[in-house]
Amino acid sequence: GRGGYPAGQAWRWRAALAAVAALAALAYFWAISRDPLEGYYAAAVRSMSASWHDFFFGAFDPAGTITLDKLPGAFWLQALSVRAFGLHTWSIAAPQAVEGVLTVLVLYRAVRRLAGPAAGLLAAVIIAASPATVALSRGNISDSLMILLVVLAADAVSAALARGSQAWLLLAGLWVGLAFRPR
């Protein structure tokens with residue numbers, strides 16, 4: 001069928017994926033403000049949310065003299081969330097939860113493209129329910145973004161294999177480069 005689905009069955013697979021994504025979102029967002037954050041990164045995000053200079057350079061302190069041990073882009077989404085919603089535990093951790101749910105959806109698409117919807121759904125369930133994924137998606141360490149970028153790279157590779165296009169391989173290289181940029 002179209003898109004790797006058996007004829008007339010696409011809605012069932014999509015409904016199952018929506019249920020998996022909803023359960024992942026529930027697990028990642030449930031009582032998100034109750035878990036402690038890594039203080040060093042939380043302080044940097046607070047500083048980055050208060051000043052565009054600190055945002056761009058990843059400044060740890062409000063004076064902008066000390067920078068993070070990672071590239072600032074890893075924390076830009078958190079800083080923008082704090083800037084938009086105020087300084088709260090949930091506003092720092094929410095971008096990671098969103099990244100976790102996006103990872104579930106992208107992994108499904110990558111696996112479904114090559115191995116079918118059943119394998120894609122199984123992969124989505126496994127990553128959504130993995131204790132490591134749940135823990136990373138509820139915190140403020142930038143690893144959930146790295147995982148999303150690696151899964152986006154895998155998705156681009158699966159598109160390159162399925163479509164026979166080298167342009168997708170260039171996109172995969174971009175995703176890997178962003179995921180494993182020098183820290």
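**Exercise 1. A residue and its patch**

Determine from its relative accessibility whether Val-98 counts as buried, partly exposed or exposed, and find which residues make a nonpolar surface patch with Val-98.

*Solution.* Val-98 has a relative accessibility of 41% and therefore counts as partly exposed, given that buried means under 20% relative accessible area, exposed over 50%, and partly exposed in between, with a 1.4 Å probe and protein chains only. The structure is a predicted model, in which local features need pLDDT of at least 70 and side-chain atom pairs count only at pLDDT 80 or more, while totals for chains, interfaces and linings use all residues. Residues are numbered from 1 along each chain as its sequence is written, and side-chain values use heavy atoms, with hydrogens and water left out.

The next step is to place the residue: Val-98 belongs to helix α5, where helices (H or I, at least four residues) and strands (E, at least two) are DSSP runs numbered from the N terminus. Together with Phe-29, Leu-102 and Leu-105, Val-98 makes a nonpolar surface patch of about 300 Å². Patches are made of residues with over 30% relative accessible area and no salt bridge, like charges being joined within 9 Å and nonpolar side chains (Val, Leu, Ile, Met, Phe, Trp, Tyr) within 5 Å. Helix α5, residues 89–115, gives the most to this patch, with three residues.

**Exercise 2. The overall fold**

State how many helices and strands the protein has, and what share of its residues counts as buried.

*Solution.* The protein has nine helices and zero strands, and its C-alpha atoms fill a box of roughly 60 × 40 × 25 Å along the principal axes. Of its 183 residues, 41% count as buried. Turning to contacts, meaning heavy atoms within 4.5 Å, one finds that 66% of those between residues at least 6 apart in sequence join residues at least 24 apart.

**Exercise 3. Helix α2**

Compare the expected span of α2 with the distance between its end C-alpha atoms, then identify what its buried residues pack against.

*Solution.* The expected span of a helix is 1.5 Å times one less than its number of residues, so the twelve residues of α2 should span 16 Å, which agrees with the 17 Å between its end C-alpha atoms. The buried residues of this helix are Tyr-41, Ala-42, Ala-44, Val-45, Ser-47, Met-48 and Ser-49, and they pack against α3, α4 and α5.

**Exercise 4. Aromatic pairs**

Which arrangement do the rings of Tyr-40 and Tyr-41 adopt, and which do those of Phe-55 and Trp-76 adopt?

*Solution.* A pair of aromatic rings is described by the distance of the centres and the angle of the planes. Rings of Phe, Tyr and Trp (its six-membered ring) pair if their centres lie within 6.5 Å, with planes under 30 degrees apart counted as stacked, over 60 as edge-to-face and the rest as tilted. The structure holds seven such pairs. In one of them the centres of Tyr-40 and Tyr-41 are 5.1 Å apart and the planes stand at 70°, so this pair is edge-to-face. Tyr-41 is buried at 9% relative accessibility. For Phe-55 and Trp-76 the centres are 5.3 Å apart and the planes stand at 20°, so this pair is stacked. Because Phe-55 lies in helix α3 (residues 52–57) and Trp-76 in helix α4 (residues 73–85), the pair ties together parts that are 21 residues apart in sequence. Finally, ring pairs link Tyr-40, Tyr-41, Phe-60 and Phe-75 into a cluster.

**Exercise 5. Salt bridges**

How many salt bridges does a search of the whole structure find, and which residues are linked in a network of salt bridges?

*Solution.* The criterion is a side-chain nitrogen of Lys or Arg within 4 Å of a carboxyl oxygen of Asp or Glu, and the search finds three salt bridges. The side chains of Arg-138 and Asp-35 meet in one of them, at 2.7 Å from N to O. Arg-138 lies in the loop between α7 (131–137) and α8 (143–163) and Asp-35 in the loop between α1 and α2, so the pair ties together parts that are 103 residues apart in sequence.

Arg-109 forms a salt bridge with Asp-155, with the closest N and O atoms 2.4 Å apart. Since Arg-109 lies in helix α5 and Asp-155 in helix α8, this pair ties together parts that are 46 residues apart in sequence. Asp-155 is buried, at 3% relative accessibility, whereas Arg-109 is partly exposed, with a relative accessible area of 36%. Arg-113 also forms a salt bridge with Asp-155, here with the closest N and O atoms 2.8 Å apart. Arg-109, Arg-113 and Asp-155 are thus linked in a network.

Key: Accessible areas come from the Shrake-Rupley method with a 1.4 Å probe; for residues, only the protein chains shown count as cover.
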